[in-house]
2 protein chains.
Amino acid sequence: MSSSGLAKLVTAKSPAPTQRFTGLPKYNFVGGHNAPEGIPVLELTAAANSVLQREGHLLALYNLSHGPLGYQPLREFVAGKLAGRGISCTSDDILITSGSTQGLNLVFSLFLEQGSTIVVEEFTYSSVLNRLRNQEVEIIGAPLTEHGIDIVRLEELLEAQHKKGRPVRMVYTIPTIQNPTGTIMPMESRERLVALARQYNFVIFEDECYADLIWAADGVPPSIYSMAPDVTVHIGSFSKTLGPALRVGYAIAEWSILSRIVALKNDAGSGAIDQMVVAEYFSHHFSNHLVRLTGILDEKLKVMSEAIDAAFGSGVSYHVPPGGIFLWLKFPDYIDVRKLTAPALAAGVAFNPGPEWSANGEAARSWMRLCFALPSKEIIAEGIRKLSEICYAEIGFPEISGNRVRSQSRLPESKMNGDDITAR
Amino acid sequence: MSSSGLAKLVTAKSPAPTQRFTGLPKYNFVGGHNAPEGIPVLELTAAANSVLQREGHLLALYNLSHGPLGYQPLREFVAGKLAGRGISCTSDDILITSGSTQGLNLVFSLFLEQGSTIVVEEFTYSSVLNRLRNQEVEIIGAPLTEHGIDIVRLEELLEAQHKKGRPVRMVYTIPTIQNPTGTIMPMESRERLVALARQYNFVIFEDECYADLIWAADGVPPSIYSMAPDVTVHIGSFSKTLGPALRVGYAIAEWSILSRIVALKNDAGSGAIDQMVVAEYFSHHFSNHLVRLTGILDEKLKVMSEAIDAAFGSGVSYHVPPGGIFLWLKFPDYIDVRKLTAPALAAGVAFNPGPEWSANGEAARSWMRLCFALPSKEIIAEGIRKLSEICYAEIGFPEISGNRVRSQSRLPESKMNGDDITAR
């Protein structure tokens, strides 16, 4: 049997092979990387020192002897942190997961099977869409406004599915700094969503990965889980508040559900030293850390936003997110951003094309997601400028950049918008 | 919707809820825990210090910027370590996994689907059996000898399946310190197994979790992967050489296969600090560490073996494993060890009943697996003594313990074996 012979033995459902990793692009706006300068190297080292000297011998035991829910001091920290989101719980109510990606797998696998119907926000986390497509479930995108899910249209949609005899089993939402749009769902929508869950008998799956990274919004509503733990499963992560190389997330649900999630988690525990270091560091430094990190992110977002305004003018639009790490950028409807992917990458510029973040791919063809957390301010400014140059070279857009007209041939039309552009 | 209402929404296939964790038993012979005194706390702390100070800022990037195969220095270490098992490879051929449990999930999921046929050793890792049962595959147990798989009977079995039109797609084996029997498959059997894989067109799935923990065998044969990478997938782990709370394992296969395993690994990477600390520590201390750890294990095995001989006499039997952390103990055929589970646990003594480690559960009803790595020598001796007392109280066996006859009523029969018992 040759090597290709062994490849012939894989199941028909197995995904396409991964390509060899060839390194990260210079102007890297893809994925959910964080700010390297936001990693508190000395404090983390000190935390590792303390906790390993104190409890390192427990590495000999599965789950550090703390049972399948995970490292006890980390669960205690999470319980305390969730109190800030209105959630009343103890460490026994929390399951530590290997990142929130594992939480996604476990919760989807518990409630969904081939043919189930799930509602997601029309634009949502690409990795969620991929998981759901692999599970062969029916995915319906609920329209978004600048305040998260359009709750009126969601209700219409739930009613229509109910009448069709295809009831919705789950609504997956990122209510607090939505990915990719950066919106926050207001209190009234949360209350309405809970009422709908009781009426139509579905699970609310609340993903709050970004809720600790808000610097420009007042009065963020409490988590949906805090309002209705009986119909909600809640997950979160330390990927965004610390770093995504760590695989540390958590899930909370009433025990009748959490006990089944634990039963599905057949990984013999999540990585112990990651858990120990996060618990030790954040138990002492969480609020200071967030002040510092959100300060960095706020500045980087300003740089990106200014660079976009300078390079693209009023031809593009975006909602300035009050937190998080992403800017969701709208190009004119006639532009399919996927045309830019390859030429941009050739110049070292990487972005996430909207269709990958869309329940209905084509609906987001003129959008792109840009992560502003990883690159330095200089690289952000340079990368956005390059992106606009590539965009102009490929598509002839934007015709005006940095207030200078690029194309003489189309001058008159562009001039008409001149005032607007300088005013932006 | 009440809480039980949400539980009604879980899929029919979801497993039974997990029970609340209530702590570990005092005399803990279950699972694959390691020796706490074998954890090099100071050296691990120093390793964490060095690596976090040097590369901690990379925690801001998924996979520490090293791509989906995992932390580069850890892959380099694994490649070097595998050379000792006869494997010629580079760091680009190795995937770091979250423990070998993740390797199991990925490889089973790549090659097996509902109805596939797999051969495992008749006694094997319970967690493998559970995974395979969840996948609804047909599991066939290949008979074991004191030299691992009985290769003649394996061939008969493969031929029979071939004739039935139900060809075997995979043979899963733990050839080097088999779990639970502790045997080592000799070179000739490995060669024959490879020839059979080519003839009958199946994947050899080689699990070498324990191969670095051998202290009483000479000339351990090279890994099967080294002999036939074109038909083999190989996994290993640091759970046994360091500690199972760490979730760090690895998989190696030719790129046509590994690239598909990577594609299935949708977890956004394995825990970074776990990987970093293992790489930093083992890159400098691997052989010293193994000398120290195997010394500890060897001593604990001797204590357990002496305690068994003293408490159970010749009524039980076992093969003394040349390495690893388990002793596979045979009771007389008429004893079902599951009868002892509850009363033993009530006295703080926990063991793994054989049926959970058996492809055909009932075939192992008179066996139990005992892990000797975790408890102190005192606790081992005390726990085995307690186990024999419970066994006698429940089943009337062993009638003789510590050379003293327990049951007057059955004295004559017992006396006949007296000489053998003292000689053992």
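Trainee: Which elements make the right-handed β-α-β unit with β7(A) and β8(A) in it?

Mentor: Keep in mind that this is a predicted model. Strand β7 (residues 170-173) of chain A pairs with β8(A) in the parallel sense, over four bridges. The two strands need a link between them, and here that link is a helix. So the right-handed unit, written in order, is β7(A), helix α7 (residues 187-200) of chain A and β8(A).

Trainee: Okay, and is β8(A) buried or exposed?

Mentor: Look at the side chains on each face. A:Val203, A:Phe205 and A:Asp207 point one way, while A:Ile204 and A:Glu206 point the other way. Five of the five residues in strand β8 (residues 203-207) of chain A come out the same, so the strand is largely enclosed by the rest of the structure: buried.

Trainee: What stands opposite A:Phe205 in β9(A)?

Mentor: Let's take the neighbours of β8(A) in turn. Towards β7(A), A:Tyr172 stands opposite A:Phe205. Strand β9 (residues 232-237) of chain A runs parallel to β8(A), and four bridges join them. In β9(A), the bridge partner of A:Phe205 is A:Val233.

Trainee: Which residues have the most contacts inside the largest nonpolar core?

Mentor: Start with A:Val107 and look past its neighbours within four places in sequence. It is in contact with A:Phe205 and A:Val233, the bridge pair we just met, and also with A:Ile235, A:Ala251 and A:Ile261. In soluble globular proteins, nonpolar side chains tend to be buried together. The largest nonpolar core here has 265 residues, and those with the most contacts inside it are A:Val107 and B:Val107.

Trainee: Over in chain B, how many other C-beta atoms lie within 10 Å of B:Leu95?

Mentor: B:Leu95 sits in strand β2 (residues 94-97) of chain B. Not counting residues up to four places away in sequence, it touches B:Leu69, B:Gly70, B:Tyr250, B:Ala251, B:Leu258, B:Ile261 and B:Val262. A residue counts as buried with 20 or more other C-beta atoms within 10 Å. B:Leu95 is buried, because its count is 26.

Trainee: Now the two chains together. How many charged residues are on the side of chain B that touches chain A?

Mentor: The contact takes 82 residues from chain B and 82 residues from chain A. On the chain B side, α1 (3-7), α2 (41-55), α4 (99-111), α9 (255-264) and α10 (272-312) each supply at least two residues. Split by class, that side has 42 nonpolar and 30 polar residues, and the charged ones number 10.

Trainee: Which element gives the largest share of the side of domain 1 of chain A that touches domain 2 of chain A?

Mentor: Chain A is divided into domain 1 (27-34 + 290-423) and domain 2 (40-285). Between them, 23 residues of domain 1 are in contact with 29 residues of domain 2. On the domain 1 side, α10 (272-312) and β11 (326-330) of chain A each supply at least two residues. The largest share, four residues, comes from α10(A).

Trainee: Last one: which residue stands opposite A:Asn352 in β14(A)?

Mentor: Chain A has an open sheet of three strands in the order β11-β14-β13, with antiparallel pairing. Its edge strands are β11 and β13 (352-353), each pairing on one side only. Two bridges join β13(A) to strand β14 (residues 367-371) of chain A. Opposite A:Asn352 you'll find A:Arg369.

How values were computed
Residues are numbered from 1 along each chain as its sequence is written. Chains are lettered from A and ligands numbered from 1 in the order in which they are written. This is a predicted model: local features need pLDDT of at least 70, side-chain atom pairs count only at pLDDT 80 or more; totals for chains, interfaces and linings use all residues. A nonpolar core is a set of buried Ala, Val, Leu, Ile, Met, Phe, Trp, Tyr and Cys residues joined through C-beta atoms within 7 Å. A residue is buried if 20 or more other C-beta atoms lie within 10 Å of its own, exposed if 12 or fewer, and partly exposed in between; C-beta atoms are placed from the backbone. Two residues are in contact if their C-beta atoms, placed from the backbone, lie within 7 Å. Ala, Val, Leu, Ile, Met, Phe, Trp, Tyr, Cys and Pro count as nonpolar, Asp, Glu, Lys and Arg as charged, and the others, Gly among them, as polar. Domain bounds come from an automatic or database domain assignment. Two strands pair if DSSP finds at least two bridges between them. A crossover is right-handed if, with the strands pointing away from the viewer, the path from the first strand over the helix to the second runs clockwise.
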